Amino acid sequence: MDRIIKFLICFAALAAVSCTNYKDIRVGGFRMEKVRVEGLSDIVVTCSALVDNPAPSDITVDKFDAELLKDGKVFAVVEMIESGVAKARSESRVDVTCNVSITDPISMLAMGLDPDDWDMDMFYVNATIVVASGNGFRKTIRFKEKQFSKVADALAVIKK
């Protein structure tokens, strides 16, 4: 019985040590790398971020789906096409490529074709992001009707 208790204590300590670095993962330096327009309503966007991953295993974005809402209606749907890998115990730039499908092209034309001129306070985001590691760690992050400008401001803070 004493051996079993010692084994369980050692196992719990090893499990705790292997997970301690996940909370220290830092993401910042967001930027849009490539934008490719494919037709009137589809845009392929590659974004990158600088990821400092002190964890003992590689981290990938398993899933990224989002809806951009305007006036309570879905303005655009974002789906991940390809994800990069944040290597274990290193700092690297990670790319994520997404397809953005504009579901309300009339609204887009009414606002103008230059997104820099749009009022971002009128957009809201619903999103699901799942990150995973090779050793079974998975974390799901959800946004439900978060104001897009507040999400963008949070990313700007992370960049610094």
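Student: How far is the sulfur of cysteine 98 from the closest cysteine sulfur, and why is there no bond?

Tutor: In this predicted model, local features need pLDDT of at least 70 and side-chain atom pairs count only at pLDDT 80 or more, while totals for chains, interfaces and linings use all residues. Residues are numbered from 1 along each chain as its sequence is written, and side-chain values use heavy atoms, with hydrogens and water left out. A disulfide is a pair of cysteine sulfur atoms within 2.5 Å, and the closest sulfur to that of cysteine 98 belongs to cysteine 47, too far for a bond because the separation is 6.4 Å.

Student: Is cysteine 98 buried or exposed?

Tutor: Buried means under 20% relative accessible area, exposed over 50%, and partly exposed in between (1.4 Å probe, protein chains only). Cysteine 98 has a relative accessible area of 8%, so the residue is buried.

Student: Which residues does threonine 60 contact, leaving aside neighbours within four places in sequence?

Tutor: Threonine 60 lies in strand E3 (residues 59–70), where strands are DSSP runs of at least two residues (E), numbered from the N terminus. Contact means heavy atoms within 4.5 Å. With those neighbours set aside, the residues in contact with threonine 60 are Ser83, Gly84, Val85, Val130, Val131 and Ala132.

Student: What is the phi of aspartate 71?

Tutor: Aspartate 71 sits in the loop between E3 and strand E4 (73–83), and this residue is exposed because its relative accessible area is 62%. Its phi is a positive value in a residue other than glycine, near 55°.

Technical notes. Helix = DSSP H or I, 4+ residues; strand = E, 2+ residues; numbered from the N terminus.
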